[in-house]
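Visitor: Could you take me through one part of this model up close, the place where the chains touch? I'd like the cut-offs spelled out as you go.

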Protein chains: 2
Amino acid sequence: MTRTSSTVQPVIQQLMQNYDYGDDGELTILPLGGLGEIGKNMMYIEYATDDSCDAIIIDTGIMFPENDMLGIDYIIPDFQAIVDRFQHVRGVIITHGHEDHTGAIAHVMDKVNAPIYTAQLTRGLIEVKLRSARLIDQVTLVTVHPNDTVKIGPFIVEFVHMCHSIPDSLGLGITTPLGLIFHSGDFKFDHTPVDEKPPDFAKLAELASRGVLLMFADSTNVNVPGWTPSEQVIDQAFEEVFEEAEGRIIVSTFASLISRIQQVVNAAKRHNRKVAVTGHSMVENVKMARRLGYLDLPDTMMIDIGQINRTPHKELVILTTGTQGEPSAALSRMSVGTHRNIDIVPGDTVIMSAQSIPGNEELVSRTINKLFQRGANVLYYGVAAVHVSGHAAREELKLLHNLIRPQYFVPVHGELRHLRAHAELAQSLGMPKKNTVVVENGTPLTFTKDGYRVGERIPGGYVFVDGSGVGDVGPAVMRDREVLGASGFVIVNVVIDEETNELIYDPLILSRGFVYLREAEELLSGAADEVERVVDKHNRNNGSNGRSPSLSNEIERALDKYIYKATHRRPMIFAIVNRV
Amino acid sequence: MTRTSSTVQPVIQQLMQNYDYGDDGELTILPLGGLGEIGKNMMYIEYATDDSCDAIIIDTGIMFPENDMLGIDYIIPDFQAIVDRFQHVRGVIITHGHEDHTGAIAHVMDKVNAPIYTAQLTRGLIEVKLRSARLIDQVTLVTVHPNDTVKIGPFIVEFVHMCHSIPDSLGLGITTPLGLIFHSGDFKFDHTPVDEKPPDFAKLAELASRGVLLMFADSTNVNVPGWTPSEQVIDQAFEEVFEEAEGRIIVSTFASLISRIQQVVNAAKRHNRKVAVTGHSMVENVKMARRLGYLDLPDTMMIDIGQINRTPHKELVILTTGTQGEPSAALSRMSVGTHRNIDIVPGDTVIMSAQSIPGNEELVSRTINKLFQRGANVLYYGVAAVHVSGHAAREELKLLHNLIRPQYFVPVHGELRHLRAHAELAQSLGMPKKNTVVVENGTPLTFTKDGYRVGERIPGGYVFVDGSGVGDVGPAVMRDREVLGASGFVIVNVVIDEETNELIYDPLILSRGFVYLREAEELLSGAADEVERVVDKHNRNNGSNGRSPSLSNEIERALDKYIYKATHRRPMIFAIVNRV
């Protein structure tokens, strides 16, 4: 299926001259994740012939736990089932610097021996992670630029400048022995981005002109009609707010949204306001982006967060984290009055320049309401144009499809419902249904020169990371946490004389998360009575036959019944019987 | 401030003839709730003079717990601080039959001795609650109709037919000694509702013509531009789906959305499909609505859910609950393959005719994705016009303000951010800022003939209902549940010889929700060693001085340190020391 064209760039032409992998092999694509979005966090691509096997990995991201995944810090792709294939990996490519594409880099590089290829800003963000995992010295990092071409085994990878909500976002053209793959990465078609570098349409057209076998494309906003507005509309919204605000302006946004931070700085400059920064990740990212030249923020405009009280409110902008209502983030602390440097006062204007990530809506609303309570005016997505999405909406996706015109289409970056809708969109543009392939995480898709087949789903599920434990919290522990979180526990401790079978002390009852103990004396003393009754009964029964179930089971069952009757609740109940 | 007009209706005129309450008293309005929306769940209105005090209560609803309120079933308004004023209540008015306006009726009627005034369908829904709380025989229920007028102490209440997403939704005109109050209830201006009874604009205009002192109005959708589409658009969307579906059509909607259920039945009738019903509340509500004449669904169209396999898929519609992804609801069970009667198969079309309630987005998405996985086509709000909101959008609110033209405006039914936006909307229409009053739940607002004042917030917070317990789960228990849910617990049980101070048995370690025990042997045996070390050390120290802290504290602290170092987690740790 390999096709060539006279428009192919010289570098590619040169690389293709010694390109003798043949098209008898199998090209297998395996999206990995486990939760929610498909093909976003990690993708394994392998080309195997009878006597060779080479692979690349695209992105190594984490997923955020859903609200009912109690205590979980984050989730990494479950790659256990293919870990023995990691020896074939010749390169790891990271498309851009967001956590859902980079966050698992240390977990992956711990098992993979190959260089990482990525753009400069993304590299800066990844290095922090590798350093804190003490892997920085063992890993080779290669900085790539748009239009660079890199040969990684049988894969010739070309990097395409795209636009997203972080600079240095890359699309990928991947020449394989079976044909050219185009991977959009996270993208939108912004003609007027903040860094003034619109997507490289010419490169996209050039790739298309060679004939694209297969396209992977971002499906996040497939159900959003029209075009995603340009980042430029934010400037207008900021301008209005800066024009009118009489007091401080506090802008909360994602720490990785460097271009948005630049927009805030630009507005501050126009209105002679100084910029203070708070929130750990915001402080770190501003520092790194300034160092690498991705943020134009002169020293003279900056003011230390501890010094802001010496500056008139009208001359201040504060950049902060906390767009998702995370209780420990700087903005949430301001909203409840526990931020070290900032007390919200009437006259403050707060801009939430972000969208709620699904699952965080309640926390975000709570933060907004609390800021209002303290007298701030709050502007947020939905009531003011202070944020735009970083993903292409429906009409942009149509443009991408008609630009690239691939033979096959595999929607990625979205939940199953988005992928199905994206496949339908491709069909509505004329692609035959059988050429649109929806696969879920863990399901391999194999192309040969004769077509494709969908394989059996590999075993695996979620890999939860909790504290320093990776994967040691599984379904059983999660079920226990659910019960404990909903109903708490009750523990009964009894000490029994081995000879007389009588209780030596009164039963000790311990409980947490069940009822407010000070007001539940009656309930608890009733429970203690119940335990004594069970011990007595057990002794009587054991007198006549020795086959009764164990005393602790009997106590647990009796207490469960007693407590349910009294409270209609079912805490976890344990009885510890000490015989001495 | 009382005003009269020649257009006043005869009944009102007659009632006003003996209306001699004078305008020297104080009219106090107290919204009650505790969480999220303000003035929605319950409102207490009192008129007090030197020698009289009379009150009414409007609505008695519940709030649903947020995602981090573990184990809570629902939340009722905290009325403890005013429970001694309940003796003054002369009537309880329920505007419509949704849970957030009716769900706490039994909790309130347990303390209030006054009749309930409400419309027929609402009454049917309330009676179920009073019956299961064994209060039905003690409570007087009065059925009212639109345009009825009822005198309740100094309050003359007129009922106004409004439109919402449940039939029999009422607005209220309340004549008080200080002037006329208009309360919108939950509403939208639907010119073509399913029951063909548009809002009574003439009555609204007539109330307005008398001069309205004060308006309460629904703020839910104040940030939604334009007009909320009519329920009629649903008919068109359903028609398209019914036209195209080759297999079964499964429609999930709110059980209380009787008019939506009627629309499904109408479409089924047009396309010669039979209707089966599943899901407890759906079955109950369909039964009640048919009995009271609110649902036109002939016996001949109904088919028992247990008999559906005898009917061709093309001739079936299944009505079900589960729009919010609740794991125990019928639709969720279908999505995971555990519904008793229905296995989802390719060809099935599922319509989610509802909106996600904030906080439920994740569960809803999960359900949709799982239904797709099983081969169903799923149509949901956002991708198809299968649902419309029941609340007035921005332009409708403007119309309401210009129709009623009240002197004062108190926005209700929304979070603080919505109320602020609604007050601003009123100001943009020309109302002076000081005449728009935003108060939070628990904050009394008092009018006299000279104006108004905002009082001190009354003490009170959330009242959680968990099982049969009302209010016994407070902040301390909730904090424990949070820790238990996130990290689980570890319990150490040791038995010590009182004389030698030596351990009699090896320490027993019990844990849940912390780590997967079978794979944590090393960790646990290390913990046991640690406990033995602490006991030894304690004995040595106690030998030299008897003032060391208690052994159980020492064990707990040592284990916390040991476990954090090994896992970076902090489960709850308890040590039980038995001395024998």
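Guide: Sure, and the contact criterion comes first: two residues are in contact if their C-beta atoms, placed from the backbone, lie within 7 Å. Bear in mind that this is a predicted model, where local features need pLDDT of at least 70 and side-chain atom pairs count only at pLDDT 80 or more, while totals for chains, interfaces and linings use all residues. Residues are numbered from 1 along each chain as its sequence is written, and chains are lettered from A and ligands numbered from 1 in the order in which they are written.

Now the contact itself: chain A puts in 59 residues, and chain B 59 residues. On the chain B side, the elements that each supply at least two residues are H10 (361-373), H12 (416-428), H13 (475-487), S23 (489-496), S24 (508-512) and S25 (572-579). Those labels are DSSP runs numbered from the N terminus, helices being H or I with at least four residues and strands E with at least two. H13(B) gives the most to this side, with eight residues. Sorted by class, the side of chain B that touches chain A holds 26 nonpolar, 20 polar and 13 charged residues; here Ala, Val, Leu, Ile, Met, Phe, Trp, Tyr, Cys and Pro are nonpolar, Asp, Glu, Lys and Arg are charged, and the others, Gly among them, are polar.

How do the copies relate? A turn of 180° with a shift of 0.0 Å along the axis lays chain B on chain A with an RMSD of 0.1 Å, which is the relation of a two-fold axis. The fit is least squares on the C-alpha atoms of residues with pLDDT of at least 70 in both copies. Both copies use the same surface, as 100% of the contact residues of chain B recur in chain A. Of chain B's residues, B:Gly485 comes closest to the rotation axis, with its C-alpha at 2.0 Å.

Back to H10(B), one of the contributors, for what lies behind it. Chain B has an open, parallel sheet of five strands in the order S14-S15-S13-S16-S17, where a pair requires at least two DSSP bridges between two strands. S14 (274-277) and S17 (377-380) of chain B are at the edges with a single partner strand each, so one side of each has no neighbour in the sheet. S16 (349-352) of chain B pairs with S17(B) over four bridges in the parallel sense, and B:Thr349 stands opposite B:Asn377. H10(B) packs on this sheet, touching S16 and S17 of chain B, and its direction makes about 155° with that of S17(B); axes are lines fitted to C-alpha atoms, for helices over the stretch in contact, with angles from 0 to 180 degrees between N-to-C directions.
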